Amino acid sequence: MRRYRFGLESALRARRAQEDVARQRLADANHQVQRARSAHRAAVDAYRAVAVAGGVTDRDTFAARRAQEMRMAESVERAHRAVAQAEVQAATLYAAWVEAGKQVASLERLDERRRSEWAAEALRDEARAVDDVVAARWSAETAAEREAL
């Protein structure tokens, strides 16, 4: 009997390649999330490190400190938005990776089912061949016994 060959093997290879690409994109997005979170933590730490000056100061010093604090607060807010965007991107890419995995799994199940059908057919063919050999041997032995009588 012929060797088993899955007719959709090329499609399965292509789906696996797509799954690998989706996995790599997801890994890159997760790295982006980690970098964005680190940048956010650094911005928050820098903002908290700004000492709040007490006492009386002149107007120019007060305005300069206030401007610096506002810039740092904006930096924290930008970093927070970057984290949110990175997390949304990672979630989207995770969904794409899951979908690619489902497509690969469905083709693998189809391959498994067809392989088992092929194996069952091979066993039936083998059983038929054995039956033919046994039947031929029995016919030959019966014919020999008839001639001997």
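Helix α1 covers residues 9-49, and its 41 residues should span 60 Å at 1.5 Å a residue; the end C-alpha atoms are 60 Å apart, so expectation and model agree. Keep in mind that this is a predicted model. The other helix to know here is α2, residues 59-148, which the buried residues of α1 pack against. Below is a quick tour of how these two helices sit together, which charged residues pair up, and where a few individual residues end up.

**How α1 and α2 pack**

- Two packed helices are described by the angle between their axes and the distance between the axes.
- For α1 and α2, that angle is about 160 degrees, and the axes are 7 Å apart.
- Angles over 145 degrees count as roughly antiparallel, so α1 and α2 get that label: they are roughly antiparallel to each other.
- As for handedness, α1 passes α2 in a left-handed crossing.
- Which residues of α1 are buried? They are L12, E19, A22, L26, A29, V33, A36, A43 and V44.
- Where does that buried set go? The buried residues of α1 pack against α2.
- Note that E19, with its acidic side chain, is on the buried list along with residues such as L12 and L26.

**A salt bridge between the helices**

- How many salt bridges are there? The count comes to eight.
- One of them joins E87 and R37, whose closest N and O atoms are 2.5 Å apart.
- This pair ties together distant parts of the chain: E87 belongs to helix α2 and R37 to helix α1, with their positions 50 residues apart in the numbering.
- Are the two partners buried or exposed? E87 has 32% relative accessibility, so it counts as partly exposed.
- R37 comes out as partly exposed too, because its relative accessible area is 31%.

**Salt bridges within α2**

- An α-helix has 3.6 residues a turn, so residues three or four places apart point the same way.
- E77 and R81 fit that spacing: they are four residues apart in helix α2, so about one helical turn separates them.
- Their salt bridge has its closest N and O atoms 3.6 Å apart.
- E77 is partly exposed because its relative accessibility is 38%.
- R81 also counts as partly exposed, at 43% relative accessibility.
- Further along, R128 and D125 are both in helix α2, three residues apart, or about one turn of the helix.
- The closest N and O atoms of the R128 and D125 salt bridge are 2.5 Å apart.
- With a relative accessible area of 43%, R128 is partly exposed.
- D125 is partly exposed as well, at 26% relative accessibility.
- What else do R128 and D125 connect to? They are part of a network of salt bridges that links E121, R124, D125 and R128.

**Residues brought together across the sequence**

- K102 is in helix α2, and at 52% relative accessibility it counts as exposed.
- How far is K102 from E19? The two are 83 residues apart in sequence, but their C-alpha atoms are 9.3 Å apart in space.
- E19 itself is one of the buried residues of α1, whereas K102 is exposed.
- R48 sits in helix α1 and counts as exposed, with 67% relative accessibility.
- The C-alpha atoms of R48 and M72 are separated by 9.5 Å, with the two residues 24 apart along the chain.

**Residues held apart**

- A119 is another α2 residue; it is partly exposed, with a relative accessible area of 32%.
- From A119 to E77 is 42 residues along the chain, and their C-alpha atoms are separated by 62 Å.
- W138 also has its place in helix α2.
- Is W138 buried or exposed? Its relative accessible area is 57%, so W138 is exposed.
- Measuring from C-alpha to C-alpha, W138 and A39 are 85 Å apart in space and 99 residues apart in sequence.

Definitions and conventions:
Residues numbered from 1 in each chain as written. Predicted model: local features only at pLDDT ≥ 70, side-chain atom pairs only at ≥ 80, totals over all residues. Heavy atoms only, no water. Expected span 1.5 Å × (residues − 1). Buried < 20%, exposed > 50% of the residue type's maximum accessible area, 1.4 Å probe, protein only. Contact = heavy atoms within 4.5 Å. Salt bridge = Lys/Arg side-chain N within 4 Å of Asp/Glu carboxyl O. Axes fitted to C-alpha atoms, helices over the stretch in contact; angles between N-to-C directions. Parallel < 35°, antiparallel > 145°, perpendicular 65-115°, else oblique. Left-handed = near helix turned anticlockwise from the far one by under 90°.
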